[in-house]
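Me: Please introduce this structure to a reader who has not met it before.

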Amino acid sequence: MPHRIILFRGMNTGGVRAPVGEQRAMAEAMGLKNPRTLQASGNLVVESALATDRLEADIEAAMDRTFGLKIVAMARTPDQWSKLIAVNPFPKEAAAHPAKVVAMVMKDGIKAGALDAVQALCRDGEAVEAIDGVLYFWFPNGQGGSEIFRKATPKMLGMGTGRNWNTVLKLAEMAGEK
């Protein structure tokens, strides 16, 4: 059965909590096979033949029923994830400093004008590029002090969730990709 990588937006931030063991149990109750979580930050890998849009809707409904959480879920196939990795515009930076490269997976695409707006926030060597509906960020000084991190909201960008390159690669491995 094919794998699906599921990312939850805002998990374990601002009081949004769903224990990973209970997330796995929820996935099993939904009929999803071999659910695995990565860290406690909203990463779930399952085996499912469902289309990603259907899986997203089912997971969002199950999170609401199970935990009372209105969580946005983004599901990707291993092929989509491999492509996300292959087109990373910051490969040297990712190899040298994987925690400082972030891939932001978007729910329904990047808002018009968002790339220009967020590029205008770049300072001190920061960079952002958009490829195939994913925003890639390079934070040479880390995310925490970045103006991008503070101002690039869903209102500006569209709904998405970011993962640093370490997490991107670990999720690929969990889904059977290299």
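The following turns treat a predicted model, from its overall form to single residues.

Me: How many helices and strands are there in the protein?
Reply: The model is predicted, and the elements are counted from it. Both kinds of element occur in the protein, and the count is 8 helices and 8 strands.

Me: What is the radius of gyration of the protein, and what would a compact globule with 178 residues have?
Reply: The C-alpha atoms fill a box of roughly 45 × 35 × 25 Å along the principal axes. For a compact globule with 178 residues, a radius of gyration near 16 Å would be expected. The protein agrees with this, since its own value is 16 Å.

Me: What share of the contacts in the protein with a separation of 6 or more is between residues 24 or more positions apart?
Reply: Of the 178 residues, 46% count as buried. Among contacts with a separation of 6 or more, those between residues 24 or more positions apart account for 72%.

Me: How far apart are the mean positions of the positive and negative charges of the protein?
Reply: The protein exposes about 8,600 Å², of which carbon and sulfur atoms supply 51%. It has 22 positive and 19 negative charges. The distance between the mean positions of these two sets is 4 Å.

Me: Which element gives the most residues to the largest nonpolar core?
Reply: In soluble globular proteins, nonpolar side chains tend to be buried together. The largest nonpolar core here has 22 residues, and Trp81, Leu84 and Trp165 have the most contacts inside it. At least two residues each come from strand 1 (3-8), helix 3 (78-86), strand 5 (101-106), strand 7 (134-138) and helix 8 (165-174). With 4 residues, the element that gives the most is helix 8.

Me: Which residues does a second, separate core include?
Reply: This core is separate from the one described above, and it has 18 residues. Among them are Met26, Leu32, Phe67 and Leu69.

Me: What separates the C-alpha atoms of Ala95 and Trp165?
Reply: Leaving aside neighbours within four places in sequence, Trp165 is in contact with residues including Leu84, Ala94, Pro98 and Tyr136. Ala95 lies in helix 4 (residues 91-96), and Ala95 counts as exposed because its relative accessibility of 66% is over 50%. Although Ala95 and Trp165 are 70 residues apart along the chain, their C-alpha atoms are separated by 8.8 Å.

Me: Is Thr77 buried or exposed?
Reply: Thr77 is found in the loop between strand 4 (73-76) and helix 3. Not counting residues up to four places away in sequence, Thr77 touches His3, Arg4 and Thr52. Its relative accessible area is 19%, and a residue under 20% falls in the class called buried.

Me: What is the phi of Asp124?
Reply: Most residues other than glycine have a negative phi. Asp124 is in the loop between helix 5 (114-119) and strand 6 (127-131), and at 64% relative accessibility Asp124 counts as exposed. Although Asp124 is not a glycine, its phi is positive, at about 50°.

Me: Where is Asp132 found?
Reply: Asp132 is a residue other than glycine with a positive phi, near 50°. With a relative accessible area of 56%, Asp132 is exposed. Its place is the loop between strand 6 and strand 7.

Technical notes. Residues are numbered from 1 along each chain as its sequence is written. This is a predicted model: local features need pLDDT of at least 70, side-chain atom pairs count only at pLDDT 80 or more; totals for chains, interfaces and linings use all residues. Side-chain values use heavy atoms; hydrogens and water are left out. The radius of gyration is taken over C-alpha atoms; the globule rule is 2.2 Å times the number of residues to the power 0.38. Buried means under 20% relative accessible area, exposed over 50%, partly exposed in between (1.4 Å probe, protein chains only). Contact means heavy atoms within 4.5 Å. Accessible areas come from the Shrake-Rupley method with a 1.4 Å probe; for residues, only the protein chains shown count as cover. Lys and Arg count as positive and Asp and Glu as negative; His and the chain ends are not counted. The place of a charge is taken as NZ of Lys, CZ of Arg, CG of Asp or CD of Glu. A nonpolar core is a set of buried Ala, Val, Leu, Ile, Met, Phe, Trp, Tyr and Cys residues joined through side-chain atoms within 4.5 Å.
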